[in-house]
Amino acid sequence: TTQIEKNEKAEVTEYFNGTGFDRWNRIYSESDDVNKVQKNIRIGHQKTVDDVISWLKEYDNIKDKSFCDAGCGVGSLSIPLAKLGAKSIHLSDISEAMINETKSRAKEEGLDFNKLNFRTSDLENLKGSFNTVICLDVFIHYPQQEAEAMVKHLCELSDERLIVSFAPYTPLLALLKGIGQLFPGPSKTTRAYTLRESGIIEAAKQSGFKVVKSKLNQAPFYFSKLIEFVKS
Ligand code: SAM
């Protein structure tokens, strides 16, 4: 199979239930307890979330649509999306700590839990059928081939649209030392992969999806290519 190595997946799970949870929960919050790098990652990531929300707003029937937020983290995307009135959102993450945090944030916001479906699950085990599937800044844990296979899997779950973001491979960035530090990735404790955009687009194309929007979001220490695909 093209799944990421079992060991590596176990490390990622452990990280995002432990120190990684603490780190990312602080980044994805308004906490002052962040360093300069983390603050920049927060700013860059917020651009990605804001873009997705504004793209989704262009479709005026959010209230009739089902969404899948794959690798939802602490719900940075799904919470505003739920507030816009999405019909249903399936939220999943490999980390139970992330799912628990998302639940508690959703509760604080007074969201309707009947419309939210939470699962502790990796991307590989996602099932179902949704109008729109969204996967933001999760592919950092997937090497090129595995990421492309995952794009195909996510396309199978989507009836209409797929929105993904990932750290793009560029020769210039590859030259920089300490590359792991530069991406919205985890930390030195898990590996970080940058991806060739052409391969991601080709994988979606083979599944019958074409690019309709794309944008590179940057802040110091954050690079993320956001692409929206529509089933053609
Ligand atoms: N998508 C969220 C967002 O943009 O706010 C979170 C991004 S965070 C950088 C990456 C998330 O992916 C973490 O919550 C982590 O637990 C999750 N993750 C990592 N590998 C995963 C996998 N194989 N399947 C599902 N989730 C995964």
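# Buried loops, a packed helix and a ligand shell

Asp 137 is buried, as 27 other C-beta atoms lie within 10 Å of its own. The cut-off for that class is 20 or more. The model described here is predicted. Asp 137 sits in the loop between β4 (130-136) and α6. Its phi is near 55°, a positive value in a residue that is not glycine. Most residues other than glycine have a negative phi.

Phe 221 also has a positive phi, about 75°, although it is not a glycine. This residue lies in the loop between β6 and β7. Phe 221 counts as partly exposed because it has 17 C-beta neighbours inside 10 Å. A third positive phi belongs to a glycine: Gly 208, just after α8, takes a value of about 85°.

## Helix α8 and its cover

Which residues of α8 (residues 197-206) are buried? They are Ile 200, Ala 203 and Ala 204. Why do they line one face of the helix? Seen down the axis of α8, the buried residues fall within an arc of 95°, so they share one face. An α-helix has 3.6 residues a turn, so residues three or four places apart point the same way. The face turned away from the buried side of α8 carries Ser 198 and Gln 206, both exposed.

Several elements cover the buried residues of α8. The cover includes two named strands of the sequence stretch after the helix, β6 (209-219) and β7 (222-231). It also includes α6 (144-157) and β5 (158-166).

How do α6 and α8 pack? Their axes are 9 Å apart and meet at an angle of about 35°. The crossing is right-handed. From α6, the contact uses Gln 144, Ala 147, Glu 148, Val 151, Lys 152 and Cys 155. From α8, it uses Gly 199, Ile 200, Ala 203, Ala 204 and Gln 206. By class, the contact residues are six nonpolar, three polar and two charged. Ile 200, Ala 203 and Ala 204 thus appear twice here: they are buried in α8, and they meet α6. Gln 206 is exposed, yet it too is part of this contact.

## The ligand shell

There are 20 residues around the ligand. Which of them come nearest? Phe 16, Gly 71, Gly 73, Asp 122 and Leu 136 do. The shell has 12 nonpolar residues, five polar ones and three charged ones.

## Strand residues and their contacts

Thr 120 belongs to strand β3 (residues 116-120). It is partly exposed, since 16 C-beta neighbours lie inside 10 Å. Leaving out residues up to four places away in sequence, Thr 120 touches Asp 93, Glu 96 and Ile 99.

Ser 66 belongs to strand β1 (residues 66-70). With 19 C-beta neighbours inside 10 Å, Ser 66 counts as partly exposed. The cut-off for a buried residue is 20 or more. Beyond four places in sequence, Ser 66 touches Lys 87, Ser 88, Phe 130 and Asn 131.

## Two more serines

Ser 54 is in helix α3 (residues 36-57). It is exposed because 9 other C-beta atoms lie within 10 Å. For the exposed class the limit is 12 or fewer.

Ser 29 is found in the loop between α2 (19-27) and α3. Ser 29 has 15 other C-beta atoms within 10 Å, so it is partly exposed.

## Sequence against space

The table sets sequence separation beside C-alpha to C-alpha distance.

| Pair | Apart in sequence | Apart in space |
|---|---|---|
| Thr 120 and Ile 99 | 21 residues | 6.6 Å |
| Ser 66 and Leu 136 | 70 residues | 17 Å |
| Ser 54 and Met 150 | 96 residues | 25 Å |
| Ser 29 and Lys 6 | 23 residues | 31 Å |

Two of these partners have been named above. Ile 99 is one of the residues that Thr 120 touches. Leu 136 is among the residues that come nearest to the ligand; Ser 66 lies 17 Å from Leu 136, C-alpha to C-alpha.

Methods
Residues numbered from 1 in each chain as written. Predicted model: local features only at pLDDT ≥ 70, side-chain atom pairs only at ≥ 80, totals over all residues. Near = placed C-beta within 6 Å. Nonpolar A, V, L, I, M, F, W, Y, C, P; charged D, E, K, R; others polar. Helix = DSSP H or I, 4+ residues; strand = E, 2+ residues; numbered from the N terminus. Arc of directions from axis to C-beta. Contact = placed C-beta atoms within 7 Å. Axes fitted to C-alpha atoms, helices over the stretch in contact; angles between N-to-C directions. Left-handed = near helix turned anticlockwise from the far one by under 90°.
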